[in-house]
Amino acid sequence: MCIAVFMWQAHPLYPLLLLFNRDEFHNRPTKPTSWWEGDEIVGGRDEWAGGTWLACSRKGKLGFLTNVMEPPPNPKRKTRGELIVRFLESSKTPVEFANELIAEEADQYNGFNLVLADIRSKTMVYVSNRPIAAARIPVQVVSPGIHVLTNAQLDTPWFKAERLNRNFKEVIRRHSDDGAKGEVRLEEMVRKLMRDDTKAEKSRLPGVWYPEYELEASSIFVEFDTPKGRCGTRSTAALTVTTTEKVNIYEEYLDKETWKVKKLGYQIEK
């Protein structure tokens with residue numbers, strides 16, 4: 001159910017500006033954004049499966065992913081969150097890693113949408129292992145501009161994607177016009193854009209799974225009860241990379257049903 005909106009190589013101050021809502025069961029063990037062992041990777045961590053949904057490295061590599069909305073996943077498949085970790089720990093470029101993934105093991109995972117970037121080389125790619133009917137799934141180089149990733153292909157015009165895209169553009173425009181030379185306030189962007197719980201009309205649902213589930217998941221900010229416990233938006237991360245390669249991360253996350261804040265910053269290594 002996660003959703004991300006990002007501006008890539010299209011802002012005068014930020015080569016990358018990213019907002020990401022992670023949706024998951026509230027009772028799933030999770031660590032908020034922090035430096036991992038070895039002090040080379042920073043990001044949130046799924047303590048159950050060991051992977052992550054969004055992380056970056058001191059050397060300027062970054063990855064984030066969402067699941068594909070489809071029938072219940074196969075629990076015997078590999079955890080999708082490991083893909084980001086493996087990319088960040090590798091010496092491969094985004095294109096190399098994505099091509100190798102598709103050629104050798106994409107079918108070993110449940111449905112995923114994966115974005116990989118190298119800030120220093122100004123390279124970003126998107127890859128998915130759906131639709132599975134495709135004989136050869138192409139790796140897509142992400143073009144400069146604003147993009148939204150939900151639980152379908154990149155920039156699929158779902159209700160929540162179109163709404164977030166439109167609202168994001170308006171906030172960027174307002175920041176550009178208010179005399180701040182385009183500087184953004186991450187806390188404001190999180191609360192104005194990523195806490196939106198407006199749901200789609202039933203006619204706007206994608207129609208790929210149960211209508212009741214699709215309706216609950218049709219908003220940018222998600223929260224509902226299930227037989228397995230409360231589910232929905234567990235955290236919102238906002239990340240900027242400046243033209244001087246400074247990374248700033250602002251995160252609001254749930255800790256025992258209480259919202260808390262985490263802030264981190266670092267300089268990409270030369």
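Helices, taken as H or I runs of at least four residues, and strands, taken as E runs of at least two, are DSSP runs numbered from the N terminus. Counted in this way, the protein, described here from a predicted model, has five helices and 14 strands. Its radius of gyration is 18 Å, close to the 18 Å that the globule rule gives for 270 residues, so the protein is as compact as a globular protein of that length. The C-alpha trace spans about 45 × 40 × 35 Å along the principal axes. Of the 270 residues, 52% count as buried. Contacts that reach far along the chain are well represented: among those with a separation of 6 or more, 57% are between residues 24 or more positions apart.

A good place to start a closer look is the pair formed by helix α1 (residues 82–89) and helix α2 (residues 94–104). Their axes come within 10 Å and cross at roughly 135°. Angles over 145 degrees would count as roughly antiparallel, and 65 to 115 as roughly perpendicular; α1 and α2 are therefore oblique to each other. The crossing in which α1 passes α2 is right-handed. On the α1 side the contact is made by L83, R86 and F87, and on the α2 side by P94, F97 and L101. Sorted by character, the residues of this contact comprise five nonpolar, no polar and one charged.

Helix α1 also has partners beyond α2. Its buried residues are L83, I84, V85, F87 and L88, and two of the names in that list, L83 and F87, also belong to the contact with α2. The buried residues of α1 pack against the strands β4 (41–46), β5 (54–57), β6 (61–67) and β7 (112–118), as well as against α2.

Helix α4 (residues 186–193) offers a second view of the interior. In this helix L186, E188, M189, V190 and L193 are buried. The cover over these residues includes the strands β2 (16–25), β12 (229–241) and β13 (246–255), together with helix α3 (159–177).

Helix α3 in turn holds N165. Is this residue buried or exposed? The cut-off for buried is under 20% relative accessible area, and N165, at 18% relative accessibility, therefore counts as buried. With its neighbours within four places in sequence left aside, N165 is in contact with I146 and V148.

Technical notes
Residues are numbered from 1 along each chain as its sequence is written. This is a predicted model: local features need pLDDT of at least 70, side-chain atom pairs count only at pLDDT 80 or more; totals for chains, interfaces and linings use all residues. Side-chain values use heavy atoms; hydrogens and water are left out. Buried means under 20% relative accessible area, exposed over 50%, partly exposed in between (1.4 Å probe, protein chains only). Contact means heavy atoms within 4.5 Å. Axes are lines fitted to C-alpha atoms, for helices over the stretch in contact, and angles run from 0 to 180 degrees between N-to-C directions. Angles under 35 degrees count as roughly parallel, over 145 as roughly antiparallel, 65 to 115 as roughly perpendicular and the rest as oblique. A crossing is left-handed if the near helix is turned anticlockwise from the far one by less than a right angle, and right-handed if clockwise. Ala, Val, Leu, Ile, Met, Phe, Trp, Tyr, Cys and Pro count as nonpolar, Asp, Glu, Lys and Arg as charged, and the others, Gly among them, as polar. The radius of gyration is taken over C-alpha atoms; the globule rule is 2.2 Å times the number of residues to the power 0.38.
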